[in-house]
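Colleague: I would like to learn how to read the interior and the sheet of a model like this one. Please take me through it feature by feature.

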Amino acid sequence: MSISFEGKVAIVTGAGNGLGRSHALALAERGAKVVVNDLGGARDGTGASSDAAMEVVGIIEAAGGEAFAHGANVSNFDEVENMVAQAMAKWGRVDILINNTGGPPPTSAANQSIELWQSNFNHLVLLLMKVTDRVLPQMKAKAWGRIITSTSSGMISPIPGLAISNTLRAAIMGWSKTLASEVAKDGVTVNIVLPGRIATDRLHELDQIRAQKESKTVAEISARLLAAIPIGRYGDPQEYAAAVTFLASQQASYITGATLRIDGGSYAGH
């Protein structure tokens with residue numbers, strides 16, 4: 001099966017590093033023009049891009065693809081508007097939106113400040129709605145679009161110590177499933193992908209935090225967690241991106257409202 005995105009335009013948020021980076025590169029490799037969004041340089045409101053995002057653009061362009069970096073803080077609607085407007089001005093369309101965000105800090109469920117809950121709600125939930133609402137009308141007008149949200153397995157099986165992430169990402173599932181049913185007739189699919197233990201800097205950071213908390217080595221923590229993965233290893237970001245790429249393709253046009261786990265079989269539920 002050959003997947004091509006020739007003539008398609010994609011926005012990938014959080015694309016400077018980790019899973020977002022792998023999504024941007026995989027889409028570009030198959031012909032998509034890519035907006036590489038990364039928060040790194042956006043805090044001054046100028047739309048300046050992070051070094052990481054510029055590096056991703058450089059890789060895409062060196063391979064003969066087209067991309068530009070934009071440092072929109074996607075929890076700020078004005079910056080979202082600017083990012084999408086630039087994509088429309090440059091390429092005239094947005095066909096694929098990959099919603100990808102970093103995770104909140106590890107916390108317990110109790111005794112967290114309202115301000116912490118609110119700021120993470122804005123970043124993890126409202127931003128997805130804002131970006132999606134901005135690109136959806138022209139997807140519906142073309143009768144073709146893909147909205148894919150990369151989130152966390154904590155939404156179906158809460159991860160100890162990640163209470164804010166577990167809680168807010170469950171809200172994303174309700175939003176995504178509802179939106180999928182609303183726009184299916186318009187040729188727009190809406191799906192969620194859930195990473196298991198994919199080898200990214202974020203994963204290693206969480207392993208280090210857990211090791212310090214339990215007074216163990218990172219190797220001991222990793223060995224224990226690997227034992228719970230039937231495949232017996234951490235996933236590669238490229239493997240995760242391959243599944244996202246398929247959901248973004250024409251071949252996946254009958255898949256919507258789905259939640260796809262990419263976890264090496266570690267989730268024991270249905």
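Modeller: Start with the largest nonpolar core; bear in mind that the model is predicted. This core has 32 residues, and those touching the most other members are Ile11, Val35, Leu97, Val135, Met139, Ile147 and Ile172.

Colleague: Which elements give two or more residues to this core?

Modeller: They are E1, H3, helix H4 (114-142), H5 and E6. H4 supplies the largest share, eight residues.

Colleague: With what is methionine 139 in contact, leaving aside its neighbours within four places in sequence?

Modeller: Its contacts are Val94, Asp95, Ile96, Leu97, Trp144, Gly145, Arg146, Ile147, Asp186 and Val188. There is also a second, separate core of 30 residues, which includes Ile3, Ala32, Val34 and Val244.

Colleague: Now the sheet. In what order do the strands lie?

Modeller: The general idea is that strands of a sheet pair through backbone hydrogen bonds, either parallel or antiparallel. Here seven strands make an open sheet with parallel pairing, ordered E3-E2-E1-E4-E5-E6-E7. Strand E3 (67-70) and strand E7 (259-262) are the edges, each pairing on one side only. On average, neighbouring strands are turned by 15° against each other, direction ignored.

Colleague: How many bridges join strand E1 and strand E4?

Modeller: Three, in the parallel sense, between residues 9-12 and residues 96-100. Alanine 10 has isoleucine 96 in E4 as its bridge partner.

Colleague: Which strands does helix H3 touch?

Modeller: Helix H3 (residues 77-91) packs on the sheet against E1, strand E2 (33-37) and E3, with its direction at about 165° to that of E3. Helix H5 (residues 163-183) lies across E4, strand E5 (145-150), strand E6 (188-195) and E7, and runs at about 155° to E6.

Terms used. Residues numbered from 1 in each chain as written. Predicted model: local features only at pLDDT ≥ 70, side-chain atom pairs only at ≥ 80, totals over all residues. Heavy atoms only, no water. Pairing = 2+ DSSP bridges. Helix = DSSP H or I, 4+ residues; strand = E, 2+ residues; numbered from the N terminus. Axes fitted to C-alpha atoms, helices over the stretch in contact; angles between N-to-C directions. Contact = heavy atoms within 4.5 Å. Core = buried A, V, L, I, M, F, W, Y, C linked by side-chain atoms within 4.5 Å. Buried < 20%, exposed > 50% of the residue type's maximum accessible area, 1.4 Å probe, protein only.
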